[in-house]
Amino acid sequence: MKKVIVFAILLVIAAAAIYNLYPEKKLPGNIEIDYIVVKKSNRRLLAYSKQKLIKTYEISLGNHPTGHKVFEGDEKTPEGIYTINAKNPNSDYHKNLGVSYPNAKDIATAKLLGKDPGGDIKVHGIRNHIGFIGKFQRLFDWTNGCMALTNTEIDELFTAVKIGTKIEIRP
């Protein structure tokens with residue numbers, strides 16, 4: 001019986017290692033991603049170039065992803081049309097692409113509630129020093145409202161996305 005349990009544990013570990021290390025399709029080199037769509041309901045980020053879908057990424061979201069971000073601390077990922085307004089190669093989360101949240105409507109909504117709308121929404125990698133978790137970060141929503149990718153994936157997008165790129169975040 002102990003041999004069966006040990007074998008099962010080794011099998012699970014091997015399957016997990018294969019899942020995490022199995023290479024995924026790379027973003028073609030020298031391509032410019034000019035439009036990004038995030039579909040929160042199925043945890044996908046779609047990268048487009050010249051109206052053609054180039055690659056789909058699996059993402060993690062904020063701890064409470066259902067609904068539009070209304071105020072700082074609600075741990076929701078915003079919904080709406082924004083732009084990539086910054087690129088940080090020295091982020092606490094490997095690298096990141098800044099999202100232009102909050103817009104004027106977001107600010108007004110939060111103000112009506114007497115709240116701060118928050119900000120600092122990013123498309124980012126995994127927290128520095130734990131990047132080895134790789135694809136396992138996808139297993140749960142763990143950000144404070146951002147959209148998280150593996151470090152390899154954010155490296156691809158960081159190179160291919162320019163400041164000013166439109167990002168549409170859908171429910």
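The legends below describe several views of a predicted model of one protein chain.

**View 1. The whole chain, with its helices and strands.**
In this predicted model, the secondary structure of the chain comes to three helices and eight strands, and these elements follow one another along the sequence in the pattern α-β-β-β-β-β-α-β-β-α-β. The C-alpha trace spans about 65 × 40 × 30 Å along its principal axes, and of the 171 residues, 39% count as buried. Among contacts between residues at least 6 apart in sequence, 63% join residues at least 24 apart. The accessible surface of the chain comes to about 9800 Å², and 60% of this area belongs to carbon and sulfur atoms.

**View 2. The open sheet and its two edges.**
Eight strands form an open sheet, in which the order is S3-S2-S1-S8-S4-S5-S6-S7 and the pairing is mixed. The edges are strand S3, residues 52-58, and strand S7, residues 147-148, each of which pairs on one side only. As general background, strands of a sheet pair through backbone hydrogen bonds, either parallel or antiparallel. One example of the parallel kind is the pair of strand S1 (residues 33-39) and strand S8 (residues 161-170), which are joined by six bridges; here the bridge partner of Ile36 is Ile167 in S8.

**View 3. Strands S1, S2 and S3.**
S1 and S2 pair in the antiparallel sense over five bridges, and the hairpin that they form has four residues between the strands. In this hairpin, Arg43 takes a positive phi near 55°. Strand S2 (residues 44-49) is also joined to S3 by six bridges, and these two strands run antiparallel. Arg44 appears in both pairings, since it is the bridge partner of Lys39 in the pairing of S1 with S2, and its own bridge partner in S3 is Glu58.

**View 4. Lys39 and the residues around it.**
Lys39 lies in strand S1, and it is partly exposed, because its relative accessible area is 30%, a value between the 20% limit for buried residues and the 50% limit for exposed ones. Leaving aside residues up to four places away in sequence, Lys39 touches Arg44, Leu46, Arg170 and Pro171. By contrast, Lys39 and Ile130, which are 91 residues apart along the chain, have C-alpha atoms separated by 26 Å.

**View 5. Strands S4, S5 and S6.**
Strand S4 (residues 80-91) and strand S5 (residues 94-99) run antiparallel and are joined by five bridges, forming a hairpin with two residues between them. Within this pair, Lys87 stands opposite Leu97 in S5. S5 is in turn joined to strand S6 (residues 122-124) by three bridges, again with the two strands running antiparallel, and the bridge partner of Gly98 in S6 is Lys122.

**View 6. Backbone details in three loops.**
A cis peptide bond, with omega about 5°, joins Tyr101 and Pro102, and Pro102 is found in the loop between S5 and helix H2, residues 104-112. In the loop between helix H1 (residues 2-21) and S1 sits Asn30, a residue other than glycine whose phi is nevertheless positive, near 60°. Asn30 counts as exposed because its relative accessibility is 88%, which is over the 50% cut-off. Asp120, placed in the loop between H2 and S6, likewise has a positive phi near 60° although it is not a glycine. Asp120 is exposed too, with a relative accessible area of 61%.

**View 7. The largest pocket and its lining.**
The largest pocket has a volume of about 400 Å³. It is lined by 17 residues, and those closest to its centre are Tyr93, Gly119, Asp120, Asn144 and Cys146. Sorted by class, the lining has four nonpolar, eight polar and five charged residues. Asp120, one of the residues closest to the centre, is the exposed loop residue of the previous view.

**View 8. Helix H3 and its cover.**
Helix H3, residues 151-160, is mostly covered, with seven of its ten residues buried. The buried residues of H3 are Asn151, Glu153, Ile154, Glu156, Leu157, Phe158 and Ala160.

Conventions:
Residues numbered from 1 in each chain as written. Predicted model: local features only at pLDDT ≥ 70, side-chain atom pairs only at ≥ 80, totals over all residues. Heavy atoms only, no water. 1 Å grid on protein atoms, 1.4 Å probe; cavity = no way out; pocket = protein on both sides within 12 Å on 5 of 7 lines; lining within 4 Å. Points joined across faces, edges and corners; volume = space filled by probe spheres on them. Nonpolar A, V, L, I, M, F, W, Y, C, P; charged D, E, K, R; others polar. Buried < 20%, exposed > 50% of the residue type's maximum accessible area, 1.4 Å probe, protein only. Contact = heavy atoms within 4.5 Å. Areas by Shrake-Rupley, 256 points an atom, 1.4 Å probe, with all protein chains shown as cover. Pairing = 2+ DSSP bridges.
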